[in-house]
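Good morning, everyone, and thank you for making time for this. I would like to walk through one model with you, so please have a look at it before I go on.

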Amino acid sequence: MGIGTGQGKERATLEEIRIRVGHALQRHPLCRGVQFDIMSVPRTARGGNWTISLRSVEPAALWEASDIIADIQAAYDLQTAAELSSAA
């Protein structure tokens, strides 16, 4: 997939992150109907540069979906447009 960032996170495109989140949610029985949007956001002091907006989440699935997404956010940084153009 991507180039390491030195912070233990891999770089991934928005589409790669969308695919990983979708597959992870589909594997959990309570989270199969969860709809989501992934958004690029300015980098925070904690280092994140993307977030997820959850829609259509059953109350019983909220914590599981949040945990799944937190694990993926801990593993991936969004690859910037500049990185994509320099890699081409």
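I will go through the core, the helix packing, one loop residue and then the charged pairs.

Please keep in mind throughout that this is a predicted model. Let me begin with the interior, where the largest nonpolar core has 18 residues, and where I17, V21, L25 and W50 are those with the most contacts inside it. The elements that give two or more residues to this core are the helices α1 (14-27) and α2 (62-75), together with the strands β2 (35-40), β3 (50-55) and β4 (76-78). If we follow L25 outward, leaving aside residues up to four places away in sequence, we find that it touches C31, R32, V34, F36, A65 and I68.

That brings me to the two helices, α1 and α2, whose axes come within 10 Å and cross at roughly 145 degrees, with α1 passing α2 in a right-handed crossing. On the α1 side the contact is made by R20, V21, A24 and L25, and these meet A65, I68, I69 and I72 of α2. By character, the residues of this contact divide into 7 nonpolar, no polar and 1 charged.

Now to V34, which sits in the loop between α1 and β2 and which, with a relative accessibility of 7%, counts as buried. Again leaving aside residues up to four places away in sequence, V34 touches L25 and A65, and also L54, R55, S56 and V57. Of these, S56 belongs to the loop between β3 and α2 and has a phi near 55 degrees, a positive value in a residue other than glycine; at 46% relative accessibility, S56 is partly exposed.

Which salt bridges, then, does a search of the whole structure find? There are 3, and I will start with K9 and D77, whose side chains meet at 3.7 Å, N to O. Since K9 lies in the segment before β1 (10-12) and D77 in strand β4, this pair ties together parts that are 68 residues apart in sequence, and both K9 and D77 are buried.

A second salt bridge joins E15 and R18, with the closest N and O atoms 3.0 Å apart, and because these two are 3 residues apart in helix α1, they are separated by about one helical turn.

The remaining pair is R55 with D37, at 2.4 Å, N to O; R55 is in strand β3 and D37 in strand β2, so the pair ties together parts that are 18 residues apart in sequence. R55 is partly exposed, at 34%, and D37 is likewise partly exposed, at 36%.

Key. Residues are numbered from 1 along each chain as its sequence is written. This is a predicted model: local features need pLDDT of at least 70, side-chain atom pairs count only at pLDDT 80 or more; totals for chains, interfaces and linings use all residues. Side-chain values use heavy atoms; hydrogens and water are left out. A nonpolar core is a set of buried Ala, Val, Leu, Ile, Met, Phe, Trp, Tyr and Cys residues joined through side-chain atoms within 4.5 Å. Buried means under 20% relative accessible area, exposed over 50%, partly exposed in between (1.4 Å probe, protein chains only). Helices (H or I, at least four residues) and strands (E, at least two) are DSSP runs, numbered from the N terminus. Contact means heavy atoms within 4.5 Å. Axes are lines fitted to C-alpha atoms, for helices over the stretch in contact, and angles run from 0 to 180 degrees between N-to-C directions. A crossing is left-handed if the near helix is turned anticlockwise from the far one by less than a right angle, and right-handed if clockwise. Ala, Val, Leu, Ile, Met, Phe, Trp, Tyr, Cys and Pro count as nonpolar, Asp, Glu, Lys and Arg as charged, and the others, Gly among them, as polar. A salt bridge is a side-chain nitrogen of Lys or Arg within 4 Å of a carboxyl oxygen of Asp or Glu.
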